[in-house]
Amino acid sequence: MRIIWRNLVDSATLTASPAMVETLPVGNLQTDAREEVARTTSLATQTIDVMLDQDELMQGCVLYRGNFTSGATWRVQVFEDDTMAVQLYDSGTLPLNPPKPLGDIDWGIERLGITIYDGWGYTVTEHWFAPVVGQFARITLDDASNPDGFMQASRLFLGSYMEPSYMPMSGMTLGPKETTKQERSEAGTLHVEAGAQYRALTVAGRYLPEKTRAGVGDMQREAGMRRDVYVSVFADENTARARDYRMQARLVQLDTSAMGATMLVDQQLRFEET
């Protein structure tokens, strides 16, 4: 499980080229509201530059709640600074919404080229890489055949990640929740006022070493229940379970840790999708 809990994008200066829709600017990638998207004006190649105030550790990038097709690609580059004279990392061109592996396709029912996000209404793309320290990143997007006529996403995560040892343990839970309201009439009909649906994820770990305990404590202190984080339980997988267990989320409770006689701790983390 990997968690980006300190999102460098939030304090960065973002620049889009070409400029995005005036009412749906690139700055919307810095907000946690799912309805606030950054949208391109066309299907021309789009770059998003991330300028940081100082050198920072980077090893993960996530583009959340996008509208990308199976033909879309992206490229993540990290440089020492905005002169782009010294490149620290280059992902090369990667698929943004890759097709399912052949072994996962339900043959005779699903079409060849189907992705894990078909029918979801949005895509999530994550990319992990060896840690580098720099001050500038460039993300390049291409989706020339997108039937929407534009590209969009609601959140960008960039930074280092925590990968807790021995977490999750057996008993991890995931399930949907809704803000839907139900009321039964006098005649017995159950009326519904439709609301939004979101996911709730609970993970627990036992015998966590000191490095993991300290990392979880830092996340609870700095992000707390106030700031959104990105959680990916099955990182690097292109599978339905990876899709289901990755989310932009917040901690909804700050559980205490319990230290045993071995000086190792047990810890539970409760997340809800934002």
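# Notebook: contacts, core and rings

**Entry 1: Glu273.** I began with the surroundings of Glu273; setting aside neighbours within four places in sequence, I found contacts with Arg34, Tyr64, Arg65, Tyr122, Tyr198, Arg199, Met247, Gln248 and Ala249. I note that the model is a predicted one. Glu273 belongs to strand E18. I looked up its accessibility and found Glu273 buried, with a relative accessible area of 10%. I also took a long-range distance: the C-alpha atoms of Glu273 and Ser70 are 25 Å apart, with their positions 203 residues apart along the chain.

**Entry 2: Arg65.** From the contacts of Glu273 I turned to Arg65, which is found in strand E4. Is Arg65 buried or exposed? Its relative accessibility is 12%, and the limit for buried is under 20%, so Arg65 counts as buried. Its charged end sits over the ring of Tyr122, 4.2 Å from the ring centre. I recorded the backbone as well: phi of Arg65 is near 55°, a positive value in a residue other than glycine. Most residues other than glycine have a negative phi.

**Entry 3: aromatic pairs.** I searched the whole structure for aromatic pairs and obtained 10. In one of them, Trp120 and Tyr122 meet edge-to-face, 5.7 Å centre to centre and with 70° between the planes. Trp120 is partly exposed at a relative accessible area of 28%, whereas Tyr122 is buried at 13%. I then examined Phe234 and Tyr245, which also form an edge-to-face pair, with centres 5.5 Å apart and planes at 90°. Phe234 lies in the loop between E15 and helix H2 (240-244) and Tyr245 in the loop between H2 and E16, so this pair ties together parts that are 11 residues apart in sequence. Both Phe234 and Tyr245 are buried. Over the ring of Phe234 I located the charged end of Arg241, 3.9 Å from the ring centre. I also listed the members of one aromatic cluster: Tyr64, Tyr117, Trp120, Tyr122, Trp128, Phe157, Tyr161 and Tyr230.

**Entry 4: nonpolar cores.** Which residues have the most contacts inside the largest nonpolar core? I found Ile3, Leu201, Met219, Tyr230, Val231, Leu269 and Phe271, in a core of 34 residues. Strands E1 (2-4), E4 (46-66), E8 (123-142), E14 (197-208), E15 (229-232), E16 (246-253) and E18 (265-273), together with helix H1 (210-222), each supply at least two of its residues. Another core, of 31 residues, lies apart from this one and has Ala16, Val50, Phe68 and Ala153 among its members. I then followed Met219, which, leaving aside neighbours within four places in sequence, is in contact with Ile3, Trp5, Met162, Gly224, Leu251, Leu269 and Phe271.

**Entry 5: helix H1.** I checked the geometry of H1 against expectation. At 1.5 Å a residue its 13 residues should span 18 Å, and its end C-alpha atoms are 18 Å apart, which agrees. Its buried residues are Thr212, Gly215, Val216, Met219 and Gln220. Seen down the axis, they fall within an arc of 135°, so they line one face of the helix. The face turned away from this buried side carries the exposed residues Lys211 and Arg221. I asked what covers the buried residues of H1, and the cover includes E1, E14, E16 and E18. Just after H1, Gly224 takes a positive phi of about 55°.

**Entry 6: Arg155.** I looked up Arg155 in strand E10 (residues 155-159). Arg155 is buried, with a relative accessible area of 1%. Leaving aside neighbours within four places in sequence, I found Arg155 in contact with Asn7, Asp10, Leu29, Gln30, Thr31, Asp32, Val62, Leu63, Tyr64, Asp228 and Gln248. The C-alpha atoms of Arg155 and Ala16 are separated by 14 Å, the two residues being 139 apart along the chain.

**Entry 7: backbone exceptions.** Most peptide bonds are trans. I found a cis bond joining Ser17 and Pro18, with omega about -5°; Pro18 is in the loop between strand E2 (13-17) and strand E3 (38-39). The peptide bond from Met167 to Pro168 is also cis, with omega near 5°, and Pro168 lies in the loop between E10 and strand E11 (173-178). Lastly, I recorded Asp236, a residue other than glycine with a positive phi, near 75°. Asp236 is in the loop between E15 and H2 and is exposed, with a relative accessible area of 56%.

Terms used: Residues numbered from 1 in each chain as written. Predicted model: local features only at pLDDT ≥ 70, side-chain atom pairs only at ≥ 80, totals over all residues. Heavy atoms only, no water. Core = buried A, V, L, I, M, F, W, Y, C linked by side-chain atoms within 4.5 Å. Buried < 20%, exposed > 50% of the residue type's maximum accessible area, 1.4 Å probe, protein only. Helix = DSSP H or I, 4+ residues; strand = E, 2+ residues; numbered from the N terminus. Contact = heavy atoms within 4.5 Å. Phe/Tyr/Trp six-rings, centres within 6.5 Å; stacked < 30°, edge-to-face > 60°. Lys NZ or Arg CZ within 6 Å of the ring centre and 35° of its normal. Expected span 1.5 Å × (residues − 1). Arc of directions from axis to C-beta.
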